[in-house]
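Please study the sequence and the three-dimensional model shown below before attempting the exercises. Each exercise consists of a task followed by a worked solution.

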Amino acid sequence: MKPKRFRRYPCAVQNLVDLTSRGQLREAVDALPLLSRNGFLLNSDLIASLIHQCAGAKSIKFGKSVHLHLKLTGSKRPNAFLSNHLINMYAKCGDHVKARDVFDKMTARNLYSWNNMLSGYAKLGMVKAAKRLFDKMPERDFVSWNTMVMAYVQSGWFDEALRLHMELRRSNIGFNEYSFAGVLTVCVKLRDLWLAKQLHCQVFLLGLLSNAVLSSSIIDVYAKCGELVDARRLFDRMSKKDVLAWTTLVSGYAKGGDMKSAQEMFDAMPEKNSVSWTALIAGYAQNGMGHRSLELFSKMVMLNIEPDQYTFSSCLFACASIISHDHGKQIHSRMITAGIRPNVVVLSSLIDMYSKCGSLKSSIRVFNATNNKQNVVLWNTIISALAHHGCGKQAVKTFADMVRSGVKPDDVTFLALLNACSHSGLVQEGIYLFESMNQDYSIVPDQGHYACLIDLLGRSGCFDEVMNQLKKMPCEPDERIWNALVGVCKIHGNIELGRIAARHLVELEPHSPAAYILLSGIYASLGRWESAQEVKRLMNTRSVGKDKALSWLEIDRNLRLDIKKRSKLHRTEEETTSVLELLTDGSSLCNVER
């Protein structure tokens, strides 16, 4: 029976049109078999609309059903219009094999078809496959070049991205504002101020600064490079400032530690979204003002502004920084009641928060409840939590579980493992892991790994091995190495080696109090008070002061803070902190509710 074609849709087809327009994808797809049995042939626009909805929902199941319907109704080789939609759908659903199969079976491919397949590879991070396809393209436009540049950027191939962008600019193909988006992202990632200024000049000369996204990207580069004056100058010259531009500058001030300017900029914003609030919340959390982050979060919730995953992550970081277990549990509870499925960043923040607030069991519970553990960040966080609580053997066992599950460790993994071994006295295990880094996983140890190894060996009194490792280092030790060495010398009273390490530390950081304090501690622990006083006089001569001391107590869900800047090595009895006064003024640790 020959399929019927209608210019005006009959009731059965109209029903499918209505379902599609209402976004009822499942019902629309379920109606397809009935239509084909009754001999109705849907036009390309309707099928394309269905495929587009499948792509938007990332439902490969429904997408395959629509594709099957096409085959059953005589379209085993769909036209270019439908094939392009199918390629896009399969790519968005993560099935590059099916996408390429549709592409290869096309009888006639246009430039959009090539760009569509190229975009699919780029979005899936398949940069090598994208480059092979790019090289085979019979013709390219600036969309092709922009897509390939962005594919390199997203895969971290920054040199290739810059090379390709330069090729595009030298060609006669043309460009648009998106041609600069990829290379500006490279500037942000590499903190390349010189390149950013070059691109700023080009964008200005081409008259593209009116594009808010480009201007905001340049502001972001300037801010991340510490050039906040230039960032503000460009912002002030923008004729139209959208929320993105305002938020970028708020974030720039916050990351630069200028929370006063960040707050002023935030208060001046004509409109704010959740990203704006999150930028300020994250800024306070990262600058040691966690209590202020939580106050802002409460205000954000009261204004019915929906927090996103990064908001929750920043708030959990704030809770960890002020060791507020109650606030952390409340935020976790809010996420559960709101039905939020936390991403890897939030899950890691949860594990870290519970660990730093003293609840290792809760950290392990969150980790064990995570279904998909195929992310190295999750494993690194739980290993760090175990290390933080001195559970070295369990950390090593967790690492073995990680390897068995097929997750490849990175440099952070070994940093956490060596730290765990150091605080648990697992010398042999630590040495084995350090050696396996390069041998088994091709990870070259850096200064941080060597510092952990020195700490591990030094805590166990293996000073001969410490000196051996220092001699084998491929580079000059930095302040982390000498800090670790001074610390272990203090523990074991190794005054001669401690003095050598402290001298190197003073040379590297002459205005940092750490070396002086550690050296003074070595002398004091050996009863050499005159030498300790000499170090103190040297600090005063060089105007080296101790860092701010912070104490806090949470009483009735309120934080009582005491911040003092101490310039002396030893406090007198008259300098009693307000927290101690709280404890002695009718309060006791037993009465403090958390």
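The exercises below concern confidence, helices, salt bridges and backbone angles in this predicted model.

**Exercise 1. Confidence**

Task: State what the mean pLDDT of the protein is, and where pLDDT stays under 50.

Solution. The mean pLDDT of the protein is 83. Residues that reach 70 or more make up 87% of the protein. Over residues 565-594, pLDDT stays under 50. For that stretch the model has 45 contacts beyond four places in sequence.

**Exercise 2. Helix H14**

Task: Describe the span of helix H14, its ends, and the helices against which its buried residues pack.

Solution. Step 1, span. H14 covers residues 212-224, which is 13 residues. From the first C-alpha to the last it reaches 18 Å, close to the expected 18 Å.

Step 2, ends. The N-terminal end of H14 is capped by Asn211, a side-chain oxygen of which lies 3.0 Å from the backbone nitrogen of Val213. After H14 comes Gly226, with a positive phi near 80°.

Step 3, burial. A residue counts as buried under 20% relative accessible area. In H14, 10 of the 13 residues are buried, and the helix is mostly covered. Among them are Leu214, Ile218, Ile219, Val221 and Tyr222, and also Ser215, Ser216 and Asp220.

Step 4, packing. The buried residues of H14 pack against helix H12 (181-190), helix H13 (193-205), helix H15 (228-237) and helix H16 (243-255).

**Exercise 3. Helix H11**

Task: Determine how the buried residues of H11 are arranged around its axis, and identify the salt-bridge network that involves Glu160.

Solution. Step 1, span. H11 runs over residues 158-170 and has 13 residues. Its reach from first to last C-alpha is 19 Å, close to the 18 Å expected.

Step 2, burial. The buried residues are Phe158, Ala161, Leu162, Leu164, His165 and Leu168. Viewed down the axis of H11, these buried residues fall within an arc of 165°, so they line one face of the helix. Asp159 and Arg170 are exposed on the other side of H11.

Step 3, packing. The partners of the buried residues of H11 are helix H9 (127-136), helix H10 (142-154), H12 and H13.

Step 4, charges. Glu160, Arg163 and Glu167 are linked in a network of salt bridges.

**Exercise 4. Salt bridges and their exposure**

Task: Give how many salt bridges the structure holds, and examine the pairs formed by Arg292, Lys397 and Arg480.

Solution. Step 1, total. The structure holds 15 salt bridges. Side chains of opposite charge can pair when their charged atoms come close.

Step 2, Arg292. A salt bridge joins the side chains of Arg292 and Glu295, at 3.3 Å from N to O. The two residues are 3 residues apart in helix H19 (residues 290-302), and are thus separated by about one helical turn. Residues three or four places apart in an α-helix point the same way, because the helix has 3.6 residues a turn. Arg292 is partly exposed at 26% relative accessible area, and Glu295 is partly exposed at 44%.

Step 3, Lys397. The side chains of Lys397 and Asp401 meet in a salt bridge of 3.5 Å, N to O. Both residues lie in helix H25 (residues 392-404), 4 residues apart, which is about one turn of the helix. Lys397 is exposed at 53% relative accessibility, whereas Asp401 is partly exposed at 25%.

Step 4, Arg480. Arg480 forms a salt bridge with Asp478, with the closest N and O atoms 2.8 Å apart. Arg480 is partly exposed, at 41% relative accessibility, whereas Asp478 is buried, at 14%.

**Exercise 5. Val376**

Task: Locate Val376, and list what it is in contact with, leaving aside its neighbours within four places in sequence.

Solution. Step 1, location. Val376 lies in helix H24 (residues 376-388). Val376 is buried, with a relative accessible area of 19%.

Step 2, contacts. Leaving aside those neighbours, Val376 is in contact with Met402, Val407, Lys408, Pro409, Asp410 and Thr413. Val376 and Val407 are 31 residues apart in sequence, while their C-alpha atoms are 6.3 Å apart in space.

**Exercise 6. Positive phi**

Task: Determine where Lys58 and Asn304 are found, and whether each is buried or exposed.

Solution. Step 1, background. Most residues other than glycine have a negative phi.

Step 2, Lys58. Phi of Lys58 is positive, near 50°. Lys58 is found in the loop between helix H4 (44-57) and helix H5 (60-72), and is exposed at 59% relative accessibility.

Step 3, Asn304. Asn304 has a positive phi of about 60°. Asn304 is found in the loop between H19 and helix H20 (309-321), and is exposed, with a relative accessible area of 71%.

Methods: Residues numbered from 1 in each chain as written. Heavy atoms only, no water. Expected span 1.5 Å × (residues − 1). Buried < 20%, exposed > 50% of the residue type's maximum accessible area, 1.4 Å probe, protein only. Contact = heavy atoms within 4.5 Å. Polar contact = N/O pair within 3.5 Å; in protein donor to acceptor, adjacent residues only side chain to side chain. pLDDT = per-residue confidence, 0-100. Salt bridge = Lys/Arg side-chain N within 4 Å of Asp/Glu carboxyl O. Arc of directions from axis to C-beta.
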